[in-house]
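Q: Could you take a close look at one part of this structure for me and then work outwards from there? I'd like one connected walk-through.

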Amino acid sequence: MTEIPTASRGGYQPPDPIEVPPLYSWPPRPVAILRWITTGLLFPWGLVFIALALASWHFLTPSLDRMASLEIWWVALIWLRNAALLTLVAGGLHWWLYIRRAQGQAYKYHTRWLATDSRKFLWGDQVRDNMFWSLVSGCTIWSLYESVTWWAYANDLIPQMEWSAAPLYLAIMTIGVFFWSTIHFYLHHRALHWPPLFRCSHELHHRNVNTGPWTGIAMHPLEHIAYFSVFLLWWVVPVHPVIVLLTGFYQGISPAVSHSGFDQLMVNGRTQVKAGDLFHQLHHQYFNVNYGNTPTPLDKLFGTWLDGRPESLAAFKQRWRSQRRQAGVPNT
Ligand SMILES: [Zn+2]
Ligand SMILES: [Zn+2]
């Protein structure tokens, strides 16, 4: 069978199965939960995006007074900031992993490199195609949602909260961004797999079976509208603008890391930093599993959780084959 590639064809296979975070185990395991929040959820990338949100609020965002009327100059500045930061992260990872090939194939999920001659992609080139959809459509729709949020803040149309008024609440909401983003992702992503919606939008993202950093938000504009609607929660729930920025960066930039195609980044040939997300990588390979992300394990609840072990993949393939047989589709 050729449709379902497996790790046995040479890509990196992490030694441990993907497990549901300790947050959902019973009885509660507070030490394990704390360790998971600090190392699994926050370190290092969550902290990077929190730092980026703080720095952007202080140095890379016009003051709310100046955003009280919607004007092209400041919306363009927001776009420029978002596009520059995405390019820094996605472009940096692409340069390190795919142009310099600094760690060769070490920790790479697929042995193939990104497509440079495929009719699936604009100009036949996967990276150029992915950059186009990310920057032209992705950054624009992301920046528009963000800009309208600033405009509404500046005109007191939506509530906001100062850190001095509710530090604990805002600290919880900061962590809450990671949960809200992943619940929101599961819900709209599951809907996009409904065949009519899949064909007219989500299919574009799924052209990338073998993903790279620029694949992260390489999506159809219709999908971007759904994907970045993550901001809408903050139109009714009061938070500080830093949390709005964090939402944008987590939604817009973190997929560059999770789609990097490499499970770990190696620095100096040794030090390893967590990068790719095998859970979502499996979704790109098999389509109808792992619709969500591990922090909110809705796939476990709905029976679509694939944990990445070779024996789970073999069982999944077996099921998939018999479903095809029942549907009268010949196996190849
Ligand atoms: Zn993806
Ligand atoms: Zn999908």
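A: Phe 287 sits just after helix α10 and takes a positive phi of about 70 degrees. Keep in mind that this is a predicted model. Most residues other than glycine have a negative phi, and most peptide bonds are trans. The helix that comes just before Phe 287 is α10, residues 278-286, and it is largely enclosed by the rest of the structure, because eight of its nine residues are buried. The buried ones are Leu 278, Phe 279, His 280, Gln 281, Leu 282, His 283, His 284 and Gln 285. As for what covers them, the list includes α6 (195-206) and α9 (254-258).

Now for the cores. The largest nonpolar core has 47 residues, and the members that touch the most others are Phe 49, Val 89, Leu 246 and Phe 249. At least two residues of this core come from each of α2, α3 (72-99), α4 (126-154), α5 (167-192), α7 (221-227), α8 and α9. Helix α4 gives the largest share, seven residues. Apart from this core lies another one, of six residues, and that is where α10 comes back in: Leu 278 and Leu 282 are among its members, as are Trp 305 and Leu 306. Back in the 47-residue core, take Val 89: leaving aside neighbours within four places in sequence, Val 89 is in contact with Ile 253, Ala 256 and Val 257.

Phe 49, Leu 246 and Phe 249 also turn up where two helices meet. The axes of α2 (residues 45-59) and α8 (residues 241-252) come within 8 Å and cross at roughly 125 degrees. That angle makes α2 oblique to α8, and the crossing is right-handed. On the α2 side you'll find Phe 49, Ile 50, Leu 52, Ala 53, Leu 54, Ser 56 and Trp 57, and they meet Pro 241, Val 242, Leu 245, Leu 246, Phe 249 and Tyr 250 of α8. By class, that contact has 12 nonpolar residues, one polar and no charged.

Phe 287 has company when it comes to backbone geometry. Tyr 107 also has a positive phi, about 70 degrees, although it is not a glycine. Tyr 107 lies in the loop between α3 and α4, and it counts as buried because it has 21 C-beta neighbours inside 10 Å. Asp 156, not a glycine either, has a positive phi of about 55 degrees. Its place is the loop between α4 and α5, and with 10 other C-beta atoms within 10 Å, Asp 156 is exposed.

Then there are the cis peptide bonds. One joins Trp 26 and Pro 27, with omega about 0 degrees, and Pro 27 lies in the segment before α1 (30-42). Another joins Phe 43 and Pro 44, with omega about -5 degrees; Pro 44 is in the loop between α1 and α2.

One more stop: Trp 123, in the loop between α3 and α4. Trp 123 counts as exposed, since it has 10 C-beta neighbours inside 10 Å. Not counting residues up to four places away in sequence, Trp 123 touches Arg 128 and Asp 129. The C-alpha atoms of Trp 123 and Thr 38 are separated by 42 Å, and the two residues are 85 apart along the chain.

How values were computed. Residues are numbered from 1 along each chain as its sequence is written. Chains are lettered from A and ligands numbered from 1 in the order in which they are written. This is a predicted model: local features need pLDDT of at least 70, side-chain atom pairs count only at pLDDT 80 or more; totals for chains, interfaces and linings use all residues. Axes are lines fitted to C-alpha atoms, for helices over the stretch in contact, and angles run from 0 to 180 degrees between N-to-C directions. Helices (H or I, at least four residues) and strands (E, at least two) are DSSP runs, numbered from the N terminus. Angles under 35 degrees count as roughly parallel, over 145 as roughly antiparallel, 65 to 115 as roughly perpendicular and the rest as oblique. A crossing is left-handed if the near helix is turned anticlockwise from the far one by less than a right angle, and right-handed if clockwise. Two residues are in contact if their C-beta atoms, placed from the backbone, lie within 7 Å. Ala, Val, Leu, Ile, Met, Phe, Trp, Tyr, Cys and Pro count as nonpolar, Asp, Glu, Lys and Arg as charged, and the others, Gly among them, as polar. A residue is buried if 20 or more other C-beta atoms lie within 10 Å of its own, exposed if 12 or fewer, and partly exposed in between; C-beta atoms are placed from the backbone. A nonpolar core is a set of buried Ala, Val, Leu, Ile, Met, Phe, Trp, Tyr and Cys residues joined through C-beta atoms within 7 Å.
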